[in-house]
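Hi everyone, thanks for coming. I'd like to walk you through one structure today, so please have a look at the screen and keep the viewer open while I talk.

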Amino acid sequence: MTSYPQPLVSVIIPTFGRAHSLKKAVDSVLSQEYKNIEVVVVNDNKRNSLHYEETNKEMELFHNASNVVYLNDGLNRGGGGARNFGVEKSNGEVITFLDDDDIYFTNKVNKQLAHLIDNKIDVSVCDMSMHKNSVRVNNNNSKSRVGSLTSFILDGNVFTPMLMLKKDAFTRVGGFTDTPRFQDHILMLNILRANLIVGQLSEELFIHNIHDGEGVTSASNFEEGYFLRHELE
C-alpha cells in the first residue's frame with residue numbers, strides 16, 4: 001500500500017447491554033498501527049435504562065479523544081440499524097465494524113486496508129480467532145467463506161467485523177437490512193448480487209469472544225431473519 005494518501009477509516013461499534021466490555025473494544029481500535037482512524041460508538045440502549053446510563057459512564061473515559069464519536073440519542077435500532085446509523089454519521093471513506101465484546105489485533109486495520117487498496121477491490125474479508133473464557137477454540141466459522149454468489153448461498157460464512165469496505169459501496173447496496181438475524185449474511189448477498197469486487201484475506205485479524213448461550217434466540221427472531229435471508233437467496 002502506498003504510504004500516502006492514507007484514507008480515514010471509520011470503525012463502527014454498536015453497543016447494547018455490554019458496557020463492561022466496551023472499553024477493551026474501543027482501546028483495541030485506538031491502539032491500531034494505522035492511525036488515521038475514527039471510532040464511532042453507537043449506544044443502542046433505550047434512554048434512561050440502566051445499560052444506557054452504564055454505557056454513558058463508560059464512554060466518559062474517552063471524552064478527550066478527538067477521534068472518538070459517541071452517538072447516544074436513546075433509540076434502540078437493533079444491530080443493523082445501529083450500524084447503519086453509525087455509518088451515516090461517520091466521516092471515513094472506508095468503513096469497518098467491531099462488536100462491543102470483541103477485540104482487534106493491532107494490525108487489523110493496517111492489513112485489511114492494504115488488502116483493499118493494493119488489490120483495487122471494494123470489500124476485504126478477513127478471518128478471526130474465536131475465544132471462549134479467554135481460551136482459543138477451534139471452530140470452522142473462524143474462517144471466512146465468500147467466493148461466488150452461488151458458493152456463498154451454499155456455504156457462505158461472514159461475521160460483521162470481518163468486513164472492511166468502501167463507504168460508497170456500503171451505501172450502494174443499501175447498508176444492513178432491518179432483520180434480527182443474519183444481517184451480515186444478507187449484506188454479503190447484496191454485495192455479491194451488486195457485482196462488487198470482494199477479496200479474501202486469509203489472516204485472523206481480531207478476536208471474537210464466544211459466550212455461554214450464544215446463538216440462543218427466540219424462535220420468532222430466528223424465523224424472521226431466516227425467511228428474509230431465504231427470500232433473498
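Let me start with a simple one: how many helices and how many strands are there in the protein? There are eight helices and nine strands. Please keep in mind that this is a predicted model. The protein has 233 residues, and 48% of them are buried. As for contacts, if you take those with a separation of 6 or more, 78% are between residues 24 or more positions apart.

Now let's go to strand 2, residues 37-43. Is strand 2 largely enclosed or open? Seven of its seven residues are buried, so strand 2 is largely enclosed by the rest of the structure. You can see that on both faces: I37, V39, V41 and N43 are buried on one side, and E38, V40 and V42 are buried on the other.

Who are the neighbours of strand 2? On the one hand there is strand 1, residues 9-15, which pairs with strand 2 in the parallel sense over seven bridges. If you want a pair to click on, I13 has V41 in strand 2 as its bridge partner. To get from strand 1 to strand 2, the chain passes through helix 1, residues 19-30, in a right-handed β-α-β crossover.

Then there is strand 3, residues 68-71, and its pairing with strand 2 is parallel too, over four bridges. Here the pair to click on is V42 with its bridge partner L71 in strand 3. The connection runs by way of helix 2, residues 50-59, and strand 2, helix 2 and strand 3 make a right-handed β-α-β unit.

Next, helix 3, residues 78-89. Helix 3 has twelve residues and spans 16 Å from its first C-alpha to its last, close to the 16 Å expected at 1.5 Å a residue. Which residues of helix 3 are buried? They are G80, A82, R83, F85, G86 and V87. What covers them includes strands 1, 2 and 3, along with strand 4 (94-97), helix 6 (167-172) and helix 7 (183-193).

One of those helix 3 residues, R83, brings me to T160. You'll find T160 in the loop between helix 5 (149-155) and strand 8 (163-166). Loop or not, T160 is buried, with a relative accessible area of 5%. What does T160 touch, leaving aside its neighbours within four places in sequence? T160 is in contact with R83, F97, F176 and D184. Also, T160 and T96 are 64 residues apart in sequence, but C-alpha to C-alpha they are 8.3 Å apart in space.

A quick stop at helix 4, residues 108-118. The buried residues there are K108, V109, Q112, L113, A114, H115 and L116. After helix 4 comes K120, which has a positive phi, near 55°.

Last stop, for the pocket fans among you: the second largest pocket. Its volume is about 300 Å³. There are 17 residues lining this pocket, and K24, D101, I103, S134 and N209 are the closest to its centre. Which element gives the most to the lining of the second largest pocket? That is helix 1, with four residues. Helix 1, strand 6 (123-132) and strand 9 (198-210) each supply at least two residues of that lining. So helix 1 turns up twice in this talk: in the crossover from strand 1 to strand 2, and again in the lining of the second largest pocket.

That's my tour. Thanks for listening!

Technical notes: Residues numbered from 1 in each chain as written. Predicted model: local features only at pLDDT ≥ 70, side-chain atom pairs only at ≥ 80, totals over all residues. Heavy atoms only, no water. Buried < 20%, exposed > 50% of the residue type's maximum accessible area, 1.4 Å probe, protein only. Pairing = 2+ DSSP bridges. Right-handed = clockwise from strand over helix to strand, strands pointing away. Expected span 1.5 Å × (residues − 1). Contact = heavy atoms within 4.5 Å. 1 Å grid on protein atoms, 1.4 Å probe; cavity = no way out; pocket = protein on both sides within 12 Å on 5 of 7 lines; lining within 4 Å. Points joined across faces, edges and corners; volume = space filled by probe spheres on them.
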